[in-house]
Amino acid sequence: VGVIILSLCLTMTAWQFSKYQIDNRSAARFGQSREQTVALLKERMQKYEDALWAGVAAVGSHGSDVIGLSEWRTFAQSLRIDEKYPGINGIGVIHYVIPETLDGYLAARRSERPDFRIHPMHENPEYLPISFIEPIAINAAAVGLDVAHESNRRAAALASRDTGLAQITGPIVLVQDAGSTPGFLFYAP
């Protein structure tokens, strides 16, 4: 009886020790995988932010009110976002427009795109329309979209402008996404 009890105790102790070792190794592997995934996400987001700052430089080199559709298209095509940045649906320019300058803004945009319109209507005191976006084939519905119409988009855009830092919206549904999958916008002022 003593041998059986001693064998049972040794078996239980060995089982507990083995379970403890396996749990520790699993937790360590999970922690390592988590850290690696977070590092890869940070690296990818930094690349996306670098593309945005390149866009800011392109706009700045032309003057924010001077850059036109053809110059933006040339810049955006040179980025090759479909190859180099597969997670980006598009890269564009949003202008800050106040009611006093709206007519001039619309005239400039309609000289490039006669059917350009700002949409949807809202009650905010300013407009934040997407003036240009590339590639246009998958983003046509976003042209003229006023990001001030929705609080999540508007808050991140204005925070980016006010802080001078890149900002990300919370989860949103992109207007050009027929599948209504969640996404986000990444702004650089």
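**Before you start**

A residue is called buried under 20% relative accessible area, exposed over 50%, and partly exposed in between, using a 1.4 Å probe and protein chains only. The structure above is a predicted model, where local features need pLDDT of at least 70, side-chain atom pairs count only at pLDDT 80 or more, and totals for chains, interfaces and linings use all residues. Residues are numbered from 1 along each chain as its sequence is written, and side-chain values use heavy atoms, with hydrogens and water left out.

**Exercise 1: Sorting three loop residues**

Task: Decide whether Glu100 is buried or exposed, then do the same for Arg80 and Thr169.

Solution:
- Start with Glu100, in the loop between strand E1 (91-94) and helix H4 (102-112). Helices (H or I, at least four residues) and strands (E, at least two) are DSSP runs, numbered from the N terminus.
- The relative accessibility of Glu100 is 66%, so Glu100 counts as exposed.
- Next comes Arg80, in the loop between H2 and helix H3 (81-84). Its relative accessibility is 40%, so Arg80 is partly exposed.
- Arg80 has another feature to spot: a positive phi of about 50°, although it is not a glycine. Most residues other than glycine have a negative phi.
- Finish with Thr169, in the loop between strands E3 (167-168) and E4 (172-173). Its relative accessible area is 6%, so Thr169 is buried.
- Leaving aside residues up to four places away in sequence, Thr169 touches Asn152, Arg153, Ala156, Phe184, Leu185 and Tyr187. Contact here means heavy atoms within 4.5 Å.

**Exercise 2: Reading a helix from the side**

Task: Find which residues of H4 are buried and which strand they pack against.

Solution:
- List the buried residues of H4: Leu102, Tyr105, Leu106 and Arg109.
- Look down the axis of H4: these buried residues fall within an arc of 95°, so they line one face of the helix. The arc is taken from the directions from the helix axis to the C-beta atoms.
- Turn to the other side of H4, where Asp103 and Ser111 are exposed.
- Now follow the buried residues of H4 outward: they pack against strand E2 (130-134).

**Exercise 3: Classifying a ring pair**

Task: Work out what kind of pair Trp72 and Phe75 form.

Solution:
- Recall the rule: rings of Phe, Tyr and Trp (its six-membered ring) pair if their centres lie within 6.5 Å, and planes under 30 degrees apart count as stacked, over 60 as edge-to-face and the rest as tilted.
- A search of the whole structure finds 3 aromatic pairs. In the pair of Trp72 and Phe75, the ring centres are 5.0 Å apart and the planes lie at 45°, so the pair is tilted.
- Place the pair: both residues lie in helix H2 (residues 69-79), 3 residues apart, about one turn of the helix. Trp72 and Phe75 are both buried.

**Exercise 4: Finding two cis bonds**

Task: Locate the cis peptide bond that leads to Pro120 and the one that leads to Pro135.

Solution:
- Keep in mind that most peptide bonds are trans.
- The bond from His119 to Pro120 is cis, with omega near -15°. Pro120 lies in the loop between H4 and E2.
- The bond from Glu134 to Pro135 is also cis, with omega near -5°. Pro135 is in the loop between E2 and helix H5 (136-139).
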